[in-house]
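Subject: Structure for you to look at

Hello,

Here is the structure I said I would pass on. Please open it first, then read the notes below with it on screen.

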Amino acid sequence: MDRPLEARDVLDRHPRVVDLVLVGGLLLLAVADVAASAASPSIEWVWAPVLTIPLLWRRRAPGGVFLVLAACAFAQWLTAGPMLADTSLLVALYAVALQEPWRRAVVAGAILELGVLLATLRWVAHGPVLSFVFLSGMVVAAAALGRNSRVRREYLSALEERAGRLERERDQQGQLSAAAERARIARELHDIVAHNLSVMTALAAGASAWVRRDPDQAVRVMDLSASTGREALADMRRLLGVLREDGSEPTAPQPGSDDLPGLLEQVRQAGLETRLEIEGDFGQLPEAMQLTIYRLVQEGLTNSLKHAGTDAEAVVNLACDGRRVDLEITDTGAADTLGVLSEGPGQGLNGMRERAAVYGGEVETGPAPDGGGWRVRTRLTVPGGLLPV
């Protein structure tokens, strides 16, 4: 919501109008003062516009305008008496203090103070000291008001610059957060789609092999494939539901270490014999880390299911000592074929590396030590240090 316009805002938006009103008002007062003077007004009629009109250029050249007015005031001091138009020097000093460096403002104040001394000595016969003090106070007040206005403007300008910088940083942070969230959702979608499609492909291949030999078994395999597809769709809807602005979609818990047996059972039903070996308590790990472990196992088994073949066997080893989590997935597939495919253009291995990097881990892939298969291994650091045991 925009704040209401203040009088200062209106004046700042129309500086030329302000200058015309100010100079016109001073000129009218100076002319009225000359007209009311008892002395002959012949020379004063000249000094009235000369001492006021140059103020129209004080914003463009405050120092030059002040020097011009000071010279005109000195000539007026030599040829005429005191005039109300001399107050234009205070306006010029204010402009110098507002726009020029403080050293120039001090010089301009000293010049005007000298003019006050000369005017007091020549034109004030009774109480010159009091008049000098009063006029000096006006000089100091004009300079102080100019400097205070300058400080205020610089302060407001700094606040506006800081606010603009914070707004830009906020927008940049929002863009970075959005990019990170898109990357996270992309990884989740890849893990869900790749794993379930691999399982469904293996089940479909198995159904086609059973359809002639055992139609009932083929029907059971196809039912399992349909169930896997429905589960994949439900996971995708749940994941994409968090993007709804109204937040009305209920969200289910993300999978964790307790869901690993169900994941392995799904892979077994797809035709890849799988075994899970766990050492340590994974229930104390943060939920985000449990999700990472689940996705790493899911992606590793998906690769084994796609490339090792249904005649192979996969083993998942998990160990947690409170500080670190060691994860190793090995299978008995063809190592050469797996090596080529694992370094291909797919996003599976890249997604595993990104997930492991969050917990200081690096994913190592290569042939198993005995040369009879493929191995994926990583070590994750538990956030916060040692967990209670």
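Start at Trp-77, where Arg-122 lies over the face of the ring, 5.4 Å from the ring centre. Please keep in mind that this is a predicted model.

Trp-77 also takes part in an aromatic pair, and the count of such pairs comes to one. Its partner is Phe-74: the ring centres are 5.8 Å apart and the planes meet at 20°, which is under 30 degrees, so the pair is stacked. Both residues are in helix α4 (residues 62-79), and because they are three residues apart there, about one helical turn separates them. Are the two residues buried or exposed? Trp-77 has a relative accessibility of 18%, so it counts as buried. Phe-74 has 43%, so it counts as partly exposed.

Next, the salt bridges. The search of the whole structure gives ten of them. Here are some, with the accessibility of the residues involved.

- Arg-104 and Glu-100 form a salt bridge in which the closest N and O atoms are 2.9 Å apart. Arg-104 is exposed, at 53% relative accessibility, whereas Glu-100 is buried, at 13%.
- Arg-268 and Glu-265 meet through their side chains, with 3.0 Å from N to O. They are three residues apart in helix α9 (residues 260-269), so about one helical turn lies between them. Arg-268 counts as partly exposed at 30%, and Glu-265 counts as partly exposed at 36%.
- Arg-324 and Asp-321 make a salt bridge of 3.4 Å, N to O. Arg-324 is partly exposed, with a relative accessible area of 31%, and Asp-321 is partly exposed with 39%.
- Arg-275, Glu-277 and Glu-313 are joined into one network by salt bridges that share partners.

Now turn to the strands. Which way do β2 and β3 run relative to each other? Strand β2 (residues 313-320) and strand β3 (residues 324-331) are antiparallel, and seven bridges join them. Within this pairing, Asn-317 stands opposite Glu-328 of β3. The two strands form a hairpin, with three residues between them. Gly-322 sits in that turn and has a positive phi of about 95°.

Strand β3 has another partner, strand β5 (residues 374-381), and these two pair in the antiparallel sense over eight bridges. One position to find on screen is Asp-331, which stands opposite Trp-374 in β5. When you trace the strands, remember that in a regular strand the side chains alternate between the two faces of the sheet.

Two places on the helices remain. Leu-67, Val-107 and Ile-111 make a nonpolar surface patch of about 260 Å². Ile-111 belongs to helix α6 (residues 102-123) and is partly exposed, with a relative accessible area of 35%.

The other is Leu-20, in helix α2 (residues 15-36). Leu-20 has a relative accessible area of 55%; the cut-off for exposed is over 50%, so this residue is exposed. How far apart are the C-alpha atoms of Leu-20 and Ile-53? They are separated by 9.3 Å, while the two residues are 33 residues apart along the chain.

That is what I have for now.

Regards

Note on methods
Residues are numbered from 1 along each chain as its sequence is written. This is a predicted model: local features need pLDDT of at least 70, side-chain atom pairs count only at pLDDT 80 or more; totals for chains, interfaces and linings use all residues. Side-chain values use heavy atoms; hydrogens and water are left out. Two strands pair if DSSP finds at least two bridges between them. Helices (H or I, at least four residues) and strands (E, at least two) are DSSP runs, numbered from the N terminus. Buried means under 20% relative accessible area, exposed over 50%, partly exposed in between (1.4 Å probe, protein chains only). Rings of Phe, Tyr and Trp (its six-membered ring) pair if their centres lie within 6.5 Å; planes under 30 degrees apart count as stacked, over 60 as edge-to-face and the rest as tilted. A charge sits over a ring if NZ of Lys or CZ of Arg is within 6 Å of the ring centre and within 35 degrees of the ring normal. Patches are made of residues with over 30% relative accessible area and no salt bridge: like charges are joined within 9 Å, nonpolar side chains (Val, Leu, Ile, Met, Phe, Trp, Tyr) within 5 Å. Accessible areas come from the Shrake-Rupley method with a 1.4 Å probe; for residues, only the protein chains shown count as cover. A salt bridge is a side-chain nitrogen of Lys or Arg within 4 Å of a carboxyl oxygen of Asp or Glu.
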